[in-house]
Amino acid sequence: GFLYFIVSITMPLLSKKRKFIRDGVFNAELNEYLKRELAGDGFAGVEHRVTPKRTEIVIRATKTKEVLGENGRRIQELTSFVQKRFRYKPGAVQLYVERVVARNLCAMAQAEALKAKLFQGVQVRRAATGLIRSAMEAGAKGCEVLVGGKVKGQRAKTMKFRDGYMIKSGTAHKTFVDHAIRHCHLRAGTIGVQIRIMLPQDPENIRGPSAQLPDVITVLPPKEQI
């Protein structure tokens, strides 16, 4: 009786653990595939929702027309690939495309843009400062760009460019800082690009999180004494 009691306690925990691992692997694999496939189309993340009828996958991108393709052909190809790879039944998975409103505040889109500039042979300092300027003009509170590798000559080094305000710790860092890493495989070697953008507070939750930073204090006006 005691052994049955132990098994009955541990079994649901195990299935829940497996579910989390399965969802994590699914997210990681889907994100990696779409990141490679839609690199030139401003891919900015993916999220999936499971409804009773089907699984809905929402792709966030800056160039929605390119992702959809001519007459929706490309999105159908992507849907077919996801369906076959993850063994969904026909019609059980549906892909949608959502346009990123503020392109200059999206770290993934900016990382891809910086990567493209480095492939074109633009100077690192010029490319990074231009990116930071565009992010700050779009309303970002702060921006940081790290470029590491054989930037100049044979010796590898890391160049850091930053502007504005950037928090590095606490829960607010997870909410307010958009972060992306990309690798540029150049002839001289691999160059790593890391971008952090501190998003502004937006009550409508479009350009940034609606929540306030925890250290922001609002002083209310004193009440009138009767």
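## Salt bridges and pockets in a predicted model

Arginine 60 is partly exposed, with a relative accessible area of 29%; here buried means under 20% relative accessible area, exposed over 50%, and partly exposed in between (1.4 Å probe, protein chains only). The structure is a predicted model, in which local features need pLDDT of at least 70, side-chain atom pairs count only at pLDDT 80 or more, and totals for chains, interfaces and linings use all residues. Residues are numbered from 1 along each chain as its sequence is written, and side-chain values use heavy atoms, with hydrogens and water left out.

Arginine 60 forms a salt bridge with glutamate 98, a salt bridge being a side-chain nitrogen of Lys or Arg within 4 Å of a carboxyl oxygen of Asp or Glu. Because arginine 60 lies in strand E2 (residues 55-61) and glutamate 98 in strand E3, the pair ties together parts that are 38 residues apart in sequence. Helices (H or I, at least four residues) and strands (E, at least two) are DSSP runs, numbered from the N terminus. Glutamate 98 is partly exposed, at 40% relative accessible area.

The side chains of glutamate 112 and arginine 182 also meet in a salt bridge. This pair links distant parts of the chain, with glutamate 112 in helix H4 (residues 107-120) and arginine 182 in strand E6, 70 residues apart. Glutamate 112 is buried at 12% relative accessibility, and arginine 182 is buried at 6%.

A third pair joins glutamate 56 to arginine 49. Glutamate 56 is buried, at 14%, whereas arginine 49 is partly exposed, at 41%.

| Salt bridge | Closest N and O atoms |
|---|---|
| Glutamate 56 and arginine 49 | 3.6 Å |
| Arginine 60 and glutamate 98 | 3.8 Å |
| Glutamate 112 and arginine 182 | 2.8 Å |

The whole structure holds 13 salt bridges. Glu144, Arg162, Lys168 and Arg196 are linked in a network of them.

Arg60 appears again at the largest pocket, where Ala44, Arg60, Leu105, Asp178 and Leu199 lie nearest the centre among 22 lining residues. A pocket is an open set of points on a 1 Å grid over the protein atoms alone, where a 1.4 Å probe fits, with protein on both sides within 12 Å along at least five of seven lines; lining residues have an atom within 4 Å of a point. Strand E6 gives the most to this lining of the largest pocket, with 3 residues.

In the second largest pocket, the lining includes Lys19, His48 and Tyr88. Helix H1 (2-37) and E1 each supply at least two residues of that lining, and the largest share, 4 residues, comes from H1.
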